[in-house]
Amino acid sequence: MDDIKKEQKAQEQKQKQEKAKKAVVVRASKKSGQYYTPEHPSYNQVAAKNLLVFNSEEAAQKAGYKRAA
C-alpha cells in the first residue's frame, strides 16, 4: 500500500513540474501593443507603467497584443 502512495505522489510531482514548464509568463507593453516571451531581449525592459503580465501567449493574443519580432 505504501508503494502505491509513493508512486502516486511521484506521478503528481512529475505532472506539476511538467505543468510549470508549460506555463510561460508573458510581459506586454500597453504603449507598444506587443508582448514579449522570456527569450526576447526586451522582456525585462518594459516600463512598469506600461507593463501587463499574462500567463500565456494565448491570453496576451486574446487581449489584443501582438508578439514582438
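**Group meeting: a four-stranded sheet and the loop beside its hairpin**

Okay, let's start with a turn. Strand 1 and strand 2 form a hairpin with four residues between the strands, and in that hairpin G33 takes a positive phi near 75°. Keep in mind that what you're looking at is a predicted model.

So how much confidence does the predictor have? The mean pLDDT of the chain is 89, with 88% of the residues reaching 70 or more. If you go element by element, helix 1, residues 2-22, has the lowest mean pLDDT at 76, while strand 4 has the highest at 98.

Now the layout. We have two helices and four strands in the chain, and reading from the N terminus the elements go α-β-β-β-α-β. The chain has 69 residues, and 22% of them count as buried. For the surface people here, the accessible area of the chain is about 5,800 Å², and carbon and sulfur atoms account for 49% of that. And for the contact-map people: take contacts between residues at least 6 apart in sequence, and 49% of those join residues at least 24 apart.

On to the sheet. What order do the strands take? It's an open sheet of four strands, ordered 3-1-2-4, and the pairing is mixed. Strand 3 and strand 4, which is residues 66-67, are the edge strands, each pairing on one side only.

Let me walk you through strand 1, residues 26-29. Strand 1 pairs with strand 3 in the antiparallel sense, over four bridges. In that pairing V26 sits opposite F54, and R27 sits opposite V53. Strand 1 also pairs with strand 2, again in the antiparallel sense, this time over three bridges. There, S29 is opposite Q34. As a reminder, side chains in a regular strand alternate between the two faces of the sheet.

Next, the loop between strand 2 and strand 3. I've picked out three residues from it: T37, N44 and N50.

Take T37. Is T37 buried or exposed? Its relative accessibility is 7%, so T37 counts as buried, the cut-off being under 20%. And what does T37 touch? If you skip residues up to four places away in sequence, T37 touches Y43, E57 and R67.

Then N50, at the other end of this stretch of the talk. N50 lies in the loop that runs from strand 2, residues 34-36, to strand 3, residues 51-54. At 15% relative accessibility, N50 is under the 20% cut-off and therefore counts as buried as well. Leaving out neighbours within four places in sequence, the contacts of N50 are A28, S29, K30 and K31. S29, you'll remember, is the residue opposite Q34 in strand 2.

That leaves N44. Here the relative accessibility is 60%, which is over the 50% cut-off, so N44 counts as exposed. But N44 does have a partner: its side chain makes a polar contact of 2.9 Å with the side chain of R27. The two residues are 17 apart in sequence, and their C-alpha atoms are 8.3 Å apart in space. And R27 is the residue we met opposite V53 in strand 3.

So, to recap the loop between strand 2 and strand 3: T37 is buried, N50 is buried, and N44 is exposed, with a side-chain polar contact to R27. That's what I have, thanks.

Terms used:
Residues numbered from 1 in each chain as written. Predicted model: local features only at pLDDT ≥ 70, side-chain atom pairs only at ≥ 80, totals over all residues. Heavy atoms only, no water. Buried < 20%, exposed > 50% of the residue type's maximum accessible area, 1.4 Å probe, protein only. Contact = heavy atoms within 4.5 Å. Pairing = 2+ DSSP bridges. pLDDT = per-residue confidence, 0-100. Areas by Shrake-Rupley, 256 points an atom, 1.4 Å probe, with all protein chains shown as cover. Polar contact = N/O pair within 3.5 Å; in protein donor to acceptor, adjacent residues only side chain to side chain.
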